[in-house]
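Subject: A structure for you to look at

Hello,

Here is the structure I promised to hand over. Please open it and keep it in view while you read my notes.

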Amino acid sequence: MTVTPQQIEDKLRAAIQVDHLEIIDTSGNCGGAYNVVIVSPDFQKKMTLARHKMVNQILAEEIANVHAFSQKTLTPEQWAKEQAK
């Protein structure tokens, strides 16, 4: 099964509040590897590992069907600081 960026986006937006989302297909557009940046207030007061587990649970089916999946999970405040750099 090929995983599309739209599938990833739809699943994430249905499960958590998303303020910003970047989905980059790093496999040459074959849907086999993705890097994602997710900004959500739902990540407040959660350590990075807990955030990643949350995303992994939401995207369990999609992650099982790709070769590589990398994620960066940020709160809106962390995102604002990063953008100000």
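Which residue in β3 does Val39 stand opposite? The partner of Val39 there is Leu74. Before you go further, note that this is a predicted model.

**The sheet**

Start with the strands. Three of them form an open sheet, in the order β1-β2-β3, and the pairing is mixed. β1 (20-25) and β3 are the edge strands, since each pairs on one side only. From one strand to the next, the twist averages 10 degrees.

Now take the two pairings in turn. β1 and β2 run antiparallel, joined by six bridges. Two facing pairs help you trace this. His20 has Val39 in β2 as its bridge partner. Asp25 stands opposite Tyr34, also in β2. On the other side, β2 pairs with β3 in the parallel sense, over seven bridges. Val39 therefore turns up twice in these notes: with His20, and with Leu74 in β3.

Is β2 largely enclosed or largely open? It is largely enclosed by the rest of the structure, because six of its seven residues are buried.

**Helices across the sheet**

Two helices are worth finding next. α1 lies across β1 and β2. Its direction is at about 155 degrees to β1. α4 lies across β1, β2 and β3. It runs at about 95 degrees to β3.

**The core**

How many residues does the largest nonpolar core have? It has 15. Ile8, Leu12, Ile16 and Ile38 have the most contacts inside it. The elements giving two or more residues to this core are α1 (5-15), β2 (33-39) and α2 (48-58).

Click on Ile38 and look around. Leaving aside neighbours within four places in sequence, Ile38 is in contact with Leu12 and Ile16, as well as His20 and Leu21. Phe43 and Val55 also touch Ile38. So do Lys72, Thr73 and Leu74.

**Thr75**

Next, go to the loop between β3 (68-74) and α4 (76-84), where you will find Thr75. Is Thr75 buried or exposed? Its relative accessibility is 5%, and buried means under 20%, so Thr75 counts as buried. Not counting residues up to four places away in sequence, Thr75 touches Val39, Ser40, Phe43, Gln44 and Arg51. Phe43 is thus a name to remember: it touches Thr75, and it is in contact with Ile38.

**Two residues with positive phi**

Most residues other than glycine have a negative phi. Two residues here go the other way. Asn29 has a positive phi of about 70 degrees, although it is not a glycine. You will find Asn29 in the loop between β1 and β2. Its relative accessibility is 68%, so Asn29 counts as exposed.

Lys45 is the other one. Its phi is positive too, at about 60 degrees, and it is not a glycine. Lys45 lies in the loop between β2 and α2. With a relative accessible area of 87%, Lys45 is exposed.

Try finding each of these on screen.

Best wishes

Definitions and conventions. Residues are numbered from 1 along each chain as its sequence is written. This is a predicted model: local features need pLDDT of at least 70, side-chain atom pairs count only at pLDDT 80 or more; totals for chains, interfaces and linings use all residues. Side-chain values use heavy atoms; hydrogens and water are left out. Helices (H or I, at least four residues) and strands (E, at least two) are DSSP runs, numbered from the N terminus. Buried means under 20% relative accessible area, exposed over 50%, partly exposed in between (1.4 Å probe, protein chains only). Contact means heavy atoms within 4.5 Å. A nonpolar core is a set of buried Ala, Val, Leu, Ile, Met, Phe, Trp, Tyr and Cys residues joined through side-chain atoms within 4.5 Å. Two strands pair if DSSP finds at least two bridges between them. Axes are lines fitted to C-alpha atoms, for helices over the stretch in contact, and angles run from 0 to 180 degrees between N-to-C directions.
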